[in-house]
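Colleague: Before I rely on the labels in your notes, I would like to go through the reasoning behind a few of them. Could you show me the model?

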Amino acid sequence: MHIKTQAKLALVVDDSMTQCMMLSALLKEEGYQVVVANDGACGVDKYVEHQPDLVLMDINMPVMDGYEATRRIKKVSRENLAPLIFITSMDTDQAYIDSVEAGGDGILVRPFSPQVFKAKIKSIQRISDLYQQVKNLQQEQQKDAELAKIMMSDVIESRNFALNKVGVIKQAATMFSGDMQLTALCPNGDLHVLLGDFTGHGLRASIGAIPVTETFRAMTKKGFSILDIVAQINKQLCDLLPKDLFFAACFIAISEHDKSAYIFNAGLPDGYLFSEDAEIKHHFPSVHPPLGILPKLISDAKLTVVSVGSSDRFVLITDGIIEARNEQGHEYGVAQFEYAAKKGVLINDIANNVVASLEIFCQNMPQEDDISLVDVPCSAWQEDNSADQTNQPHIPETFIVEDIFYDASPSWSWRLELTDNLLASVNPVPIIMNQINEIEGAGEHWQSLYTIITELFINALDHGVLGMDSSLKDSAEGFSYYFKERTKRLEQLKSGFIRIELCYFPFEYGGKMFISIKDSGLGFDIFNVLKSNSCAQSEGINLSGRGVELVNQLCDTLDYQDNGSLVSASYVWHNTKQYRVSKGIH
Amino acid sequence: MSVNCNISQENNQVIISVNARFDFSLHQHFRDAYSQCVDQNINYVLDLSHTDYMDSSALGMILLLKDHVDLHASKLVISKPSDTVNKILEIAQFHRLMTIEH
C-alpha cells in the first residue's frame, strides 16, 4: 500500500514528453510530487500503484484514450476522490460533455497561462479537501454511533436484573433506540422496573440514558422508594436536557412478599396488569407530564397502588407500538394491541405474539419510531438465586461460643429522630443503610437488615403515628382505601415523632445489630395483628401484616413494649464461610 | 406551507396553526412563526384543529413555544386539538402545563 507523505502526489497522463515536462514543472512549483504515464493504460496502472491526490489527463493518446482511462480510474477509486482534470486542446462542447460523462472533475483547454493552471489546481483541490473532511466526519459519526449503541445495549441493559424472566421487545427505528428498559432489585427483594422513551430517536434521543440508568440503579440499590427515584430522575433530566427533550416513562415497584405494586406513569400509553387468564385487571394511564420538563414533580403526584396475584403480569409499552402505521396509513392502535397481548398471555409469550401481530399489520412499511414493550411477572424473579437465598447468613445454624464474649459493649451507636412534617417527606431507611455501609462496608447480609428496618419503620409510621388499622388491607378494596387514607393522613400530619436507634456489636465472624424504634402513637395491638395473621394466612387470604411476620422470621429477637409504640429487635449475622475456613470445618 | 402564523395587532393575538402532520420536519418553520414576536402581553393561540398527526418532537416544540411565551410575559392557549392529537396531549398530560381549549 502506498503511504502518503506530507507532499501531495500528482499523476500526469500525456503522450507528449513536452507536455509532461511542462505540467510537472508547474505542479512542482505548487509543492506536488509528480508521477508520469505516457498512455491511458499505463496511467491506470500508475494510478493503482501510487494512489495520487490529483490526476491530469490528456484525451487523445495511444493504447487507451483519456476517457477510457478515466472511466477505469473512477471505477477503482470509488472510495477516494482524487480529482481528475482533463487537459486538452479540443475546445468543443462535445469534448467538455464527454469528459464530464467519463467522470472528469474539470477541464482545462490549452493554451492556458501558468496562473490559470495553478488557480484551477487550487480550486479543484479545495473541493477535494472538503470531500475528505465530510468523509472523515462521517466516519467519526459512525464510530460514535457504534460506541453509543454498545453503551446502550451491552453496558446499560445487560446489567438488568432477572433478564430471563422479563419479556422484552426492543426495535429501534434507527441504529439505536431512544427507548430504554431497566430492571433492578431492591435491598428488600422488591423489583423496580422502568420503561422509558426519550423524545425523538437516534443518538440525540439516547444521551439521557446513562444518567437515568445510573440514578435508577444506585437509588434502587440504596433502598430509595420508587417515587423518590422518579423525582430525582425528573430533576436530573430537567437540569441536563435541553427544553424540547424529555423522557416519557413508566415506573413499577413490585413487592412479591406484600403482593402489591406501585405504578407511576409519566407520559407513556396505558400500562396493563393482566391476570393469568388474560383478563385486564387494571389500566394505568399517564398521570404526569413526561420527566425532564418541570423542575419538580407536580405536588399531587402520587403512585397508584394495586394488589397483585403471583401469576399476574405487568405489560408496559411505548407509543411506537400503538402509532405504528400500515401502507394505508392506519394506526395499529390500542384495540389490536390489547387483543394481541391477551392472546400472548394465554400462550405465555406476550412479546413475540405482539411482534408477530405488528408485522402482519404493518407489512413492509418502514418503522417510524422505536418500538418497545416489557412484560414483567409479579413473582419468582429470584428463582435462579433461590439456592443462595435459603441459606442466608442471618440465622446462625450453630451457636458460636466465643461470640458471647464480644457482646459486652457496642462498637458504635447511631440515632435519628424525625419529627412532624419531616415524617411525611423523609425516608430514613436509605440514610440508615448508608450509615451502616459507611461504617461497616457493603455486604449481602444487610439485605435482611434493610427489610427489618423498613418494615418496623413503616409499622411505626402507619400504625403508630398515623393510627392506620392494618386489617383494612385484608381485602383488595380495603387495600386501595388504605393507601388513599394513608396518603391523606400523611398530608395532614402536624405533629409526631419517630426515633430510631442502632447499636452495633461486632463479632469475630459476624455481628449483631440492635434496633429500637419508638413512635409518638398510642400503640397498637401487635399480638392481635400477629394472631389474626397466622389464622388468616393458613387460609391464604390476608393481604396485611405480612411485614411483622417477615421481621419475626428475620430477627434474632423481636420485642414490642409500651403497648406497641416501642419495638426492639436484634439481628445477628455470622459469616459462616469465614468461620468455617478459619476453624477448618468443611 | 403547513405552519401558518396570523398576527393581529388589535387584540394582541398571535395565532399559529399547524396543518396535517406536526413533526420534526416543521422545526424551523414553527420556530420562525413566533421567534420574531418579542412584545409582552401577547395572547398566543396554537390552533391544532387541522393537525391530524403529532409526534413527541412536536410536544418538544410546543414546550419551546411555551418557554418563549413565559419569557415574554405572555399567554399560551392550545386550541381545539383534533381527537388524535388530543389523545397524545392527554398521554403527555399537557393540560397540567398549559391551557387546552376544546
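Colleague: In which helix of chain A is Thr215(A) found?

Modeller: This is a predicted model, and in it Thr215(A) is found in helix α7 of chain A, which covers residues 209-222.

Colleague: What makes Thr215(A) count as buried or exposed?

Modeller: Its relative accessible area is 8%, and since buried means under 20%, Thr215(A) is therefore called buried.

Colleague: How do you know that the side chains of Thr215(A) and Gln236(A) make a polar contact?

Modeller: The contact between these two side chains is given at 2.5 Å, set against a cut-off of within 3.5 Å for a pair of N or O atoms. Leaving aside neighbours within four places in sequence, Gln236(A) is also among the residues in contact with Thr215(A), together with Thr220(A), Gln232(A) and Ile233(A).

Colleague: How do you know whether the span of helix α11 of chain A agrees with its 13 residues?

Modeller: The expected span is 1.5 Å times one less than the number of residues, so the 13 residues of α11 (350-362) should span 18 Å, and because the end C-alpha atoms are 18 Å apart, the two agree. The buried residues of α11(A) include Ile350(A), Val354(A), Leu358(A) and Phe361(A), and what covers the buried residues includes β6, β14 and α10 of chain A.

Colleague: Why is Cys503(A) called partly exposed, and why is Cys37(B) called buried?

Modeller: Cys503(A) has 23% relative accessibility and therefore counts as partly exposed, that class lying between 20% and 50%, whereas Cys37(B), at 11%, counts as buried.

Technical notes:
Residues numbered from 1 in each chain as written. Chains lettered and ligands numbered in written order. Predicted model: local features only at pLDDT ≥ 70, side-chain atom pairs only at ≥ 80, totals over all residues. Heavy atoms only, no water. Helix = DSSP H or I, 4+ residues; strand = E, 2+ residues; numbered from the N terminus. Buried < 20%, exposed > 50% of the residue type's maximum accessible area, 1.4 Å probe, protein only. Polar contact = N/O pair within 3.5 Å; in protein donor to acceptor, adjacent residues only side chain to side chain. Contact = heavy atoms within 4.5 Å.
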